[in-house]
Amino acid sequence: KQHDPEFQTTLKSICSFFLALHPRKDIIVTGSDDRLWKMWAFPNGNIIVKGEGHTDWLSGCCFHPSGSKLVTSSGDKTVRIWDFTKGGCILKLEGHSYAVLDCSWHSGGDFVASASMDETSKVWDLNSERCRYTLRGHKDSVNSIEFFPFSNIILTSSADKTLSLWDARTGLCAQTFYGHLHSCNHATFNMKGDTIVSCDSYGVLKLWDVRRGVPMISIDAGPHPGNQVAFDPSGHIVAVASNDGTVKTLELKSGHLASLLGHEDKVQSVIFDHMAEHLISGGSDGTVRIWN
């Protein structure tokens, strides 16, 4: 994984805090503290559409499994559903008492989940337009949330230094992972669903065996915070968005940790494309960068 300027596209924005990849197409969405989300084609960087409506900074988004809709979360305490065919926001979900920090769409398309600074997560039923469950148990801000594809399992990470697995059918916590010594900023599954990777505010990465609930590997990539982690589709490489302005890549088999240099400020988000040909990162320098 080398930084090759020939294959790099810089997409100008104000401050790219998060990225989301379309389920099938070479399209990404970015969102930031300018209260807008923007949809881009990559690698050419053309803007396809913008979304305006949130009244505070955006924190996360996720595509509907069909790619026809988008869910976004915001510091304005709301979750919004956007329909591309209808050209705007079709639903505003309210109920969190503090900023919403992340959101995820269930692979069935009928439910979304949100994570908030109010120490709770929520599962929203889009058919009834109501909150189905409020997930209580974390003792501090819930920083990330993710449905495991084609299941009812929800993964959360929290500033209380823990990760939790939840059953979306009951709203109950099924398992909690202990081991981080600092705030967990993000966690995600690999494609198989048997491994979780998480990062914390001191840059420590942990890989967890889901069945056993224990960390298998711990890597110190600090001292700067890790803001987001991502598995490549093969599950053999982990990428980390770091506060030191680098994107770090960890080859799990060899344990080799490398840094991609190019951002001029904190890196907030990382994702791999579907074929793992590119790694995409967004940073506080207002750019999205595509790495070969």
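This is a short tour of salt bridges in the structure above, one pair of residues at a time. Keep in mind as you click along that the model is predicted.

A search of the whole structure turns up 5 salt bridges. We will visit some of them, including the one between Asp125 and Arg132.

**Stop one: Asp125 and Arg132.** Select these two residues and show their side chains. They meet in a salt bridge, with an N to O distance of 3.0 Å. Now turn on the surface. Asp125 counts as buried because its relative accessibility is 9%, and buried means under 20%. Arg132, its partner, is partly exposed at 41%.

**Stop two: Asp244 and Lys248.** Next, select this pair. Their side chains are joined by a salt bridge of 2.9 Å, N to O. Which of the two is buried, and which is partly exposed? Lys248 is the buried one, with 8% relative accessibility, whereas Asp244 is partly exposed, its relative accessible area being 32%. At this stop, then, the buried residue is the lysine.

**Stop three: Asp285 and Arg289.** Finally, move to Arg289 and add Asp285 to your selection. Here the closest N and O atoms of the salt bridge are 3.8 Å apart. A salt bridge is counted within 4 Å, so this pair qualifies. Arg289 is buried, with a relative accessible area of 9%. Asp285 has 22% relative accessibility and therefore counts as partly exposed, since the buried class is for values under 20%.

Before you close the viewer, try showing these pairs together: Asp125 with Arg132, Asp244 with Lys248, and Asp285 with Arg289.

Technical notes. Residues numbered from 1 in each chain as written. Predicted model: local features only at pLDDT ≥ 70, side-chain atom pairs only at ≥ 80, totals over all residues. Heavy atoms only, no water. Buried < 20%, exposed > 50% of the residue type's maximum accessible area, 1.4 Å probe, protein only.
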